[in-house]
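Trainee: Could you take me on a close look at one part of this model, and then show me how the parts around it are arranged? I am new to this, so please go step by step.

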Amino acid sequence: MRPDAIALIGPTASGKTACALDLAQQMPCEIISIDSALVFREMDIGTAKPTPAELATCPHHLIDVIDPTDAYSAAQFRADAIRLIAEIRARGRVPLLAGGTMLYLKALHDGLSDLPQADADMRAEIDAEARIRGWPALHADLAVIDPAAAAQLKPNDAQRIQRALEIVRLTGRSLAENYAQREDDTATPSLAILALEPSDRSVVHARIAQRFEQMLAMGLVDEVAGLRQRYPLNAEMPSMRCVGYRQAWEHLDGDYDLAELRDRGIYATRQLAKRQITWQRKFAATWPEVTRIDCLRTDLVDAVREAAQRALAD
């Protein structure tokens, strides 16, 4: 059956943007970003956000939709993506999802667990405990009531510890039990997934180093400094936890010099790429809709175009 949408995924520096823009030139596409960093306004350099000229080539969605002080969840992405895919198809155009936030793609493809909504009172209670006892102590509390969940989290991972405690306290069930209860949602669109993967990771590592150095030359540190002046940010907000932004924040706080910022930023980006590749391989092993393409092919753009055309012709 003809899929509802094409999804072009891949690790950072795999060539997704160039391939997506080529597809948009060859067919009537509208691009839906699958990127947890591109949703933030005024975060342009460190996210490698498409340039104004690139954005003008075709309609783009889910870019610059929230301020850096806000948060955007996988559940929000799923709802927005389902709505946008339907709207784009109604216009007679091709929805093209492109990006590297694999959690978002999994939420769209597999649906979400029926987890409780955020509870402001419960979160305020947990935050108050953390201010008095510290997050490692709350991590220890989680280990008592849900050892498996605690084992997956670092003792200072405030955001995830808070959410885990919130869910377990609200439901009386472990995270694993909660995640096992899936939503009954028949609105999930069908996808043809094109996964870009490197046959030689060292090439991607070199690209990552070069790109991060370019980001620094373009003014990444100044971008973060400006964001800190314009918004009431803190280092634990999702926007400032993005790769590159966390390291620039710590540099501005005086934790280390520019040379170490460069090294830490490159290392963190390489670790991100490693996680993205691991996710993709899991998808390829369980999702029959995945077509794997070596992102180091000299004819990559042509290969992606041909794979997309085959998927839409079926």
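Mentor: Let's start with a polar contact: the side chains of Arg78 and Thr188 are joined by one of 3.0 Å. Keep in mind that this is a predicted model. Arg78 belongs to helix 3, which covers residues 74–90. Its relative accessibility is 4%, and since buried means under 20%, Arg78 counts as buried.

Now let's turn to the sheet. Six strands make it up, in the order 3-2-4-1-5-6, and the sheet is open, with parallel pairing. At its edges stand strand 3 (60–61) and strand 6 (290–294); each has a single partner strand, so one side of each is left without a neighbour in the sheet. As general background, strands of a sheet pair through backbone hydrogen bonds, in either a parallel or an antiparallel way.

Look at the edge with strand 6. Strand 5, residues 191–197, pairs with strand 6 in the parallel sense, over five bridges. Within this pairing you can find Leu194 opposite Thr291 of strand 6. A helix also packs on the sheet: helix 4 (residues 102–110) touches strand 1 (5–9), strand 4 (94–99) and strand 5. The direction of helix 4 makes about 160° with that of strand 5.

Strand 4 is worth a stop, and Ala98 is a residue in that strand. With 13% relative accessibility, Ala98 counts as buried. Which residues is Ala98 in contact with, leaving aside its neighbours within four places in sequence? They are Leu8, Ala20, Ile31, Ile32, Ser33 and Ile34. You can also compare sequence and space here: Ala98 and Leu38 are 60 residues apart in sequence, while their C-alpha atoms are 11 Å apart.

Finally, let's see how two helices meet. In general, a packed pair of helices is described by the angle between the axes and the distance between them. For helix 5 (residues 120–133) and helix 6 (residues 135–145), the axes come within 7 Å and cross at roughly 120°. The two helices are therefore oblique to each other. On the helix 5 side, the contact involves Ile126, Asp127, Glu129, Ala130 and Arg133, and these meet Trp135, Ala137, Leu138 and Asp141 of helix 6. Sorted by character, the residues of this contact are five nonpolar, no polar and four charged.

Key
Residues numbered from 1 in each chain as written. Predicted model: local features only at pLDDT ≥ 70, side-chain atom pairs only at ≥ 80, totals over all residues. Heavy atoms only, no water. Axes fitted to C-alpha atoms, helices over the stretch in contact; angles between N-to-C directions. Helix = DSSP H or I, 4+ residues; strand = E, 2+ residues; numbered from the N terminus. Parallel < 35°, antiparallel > 145°, perpendicular 65-115°, else oblique. Contact = heavy atoms within 4.5 Å. Nonpolar A, V, L, I, M, F, W, Y, C, P; charged D, E, K, R; others polar. Pairing = 2+ DSSP bridges. Buried < 20%, exposed > 50% of the residue type's maximum accessible area, 1.4 Å probe, protein only. Polar contact = N/O pair within 3.5 Å; in protein donor to acceptor, adjacent residues only side chain to side chain.
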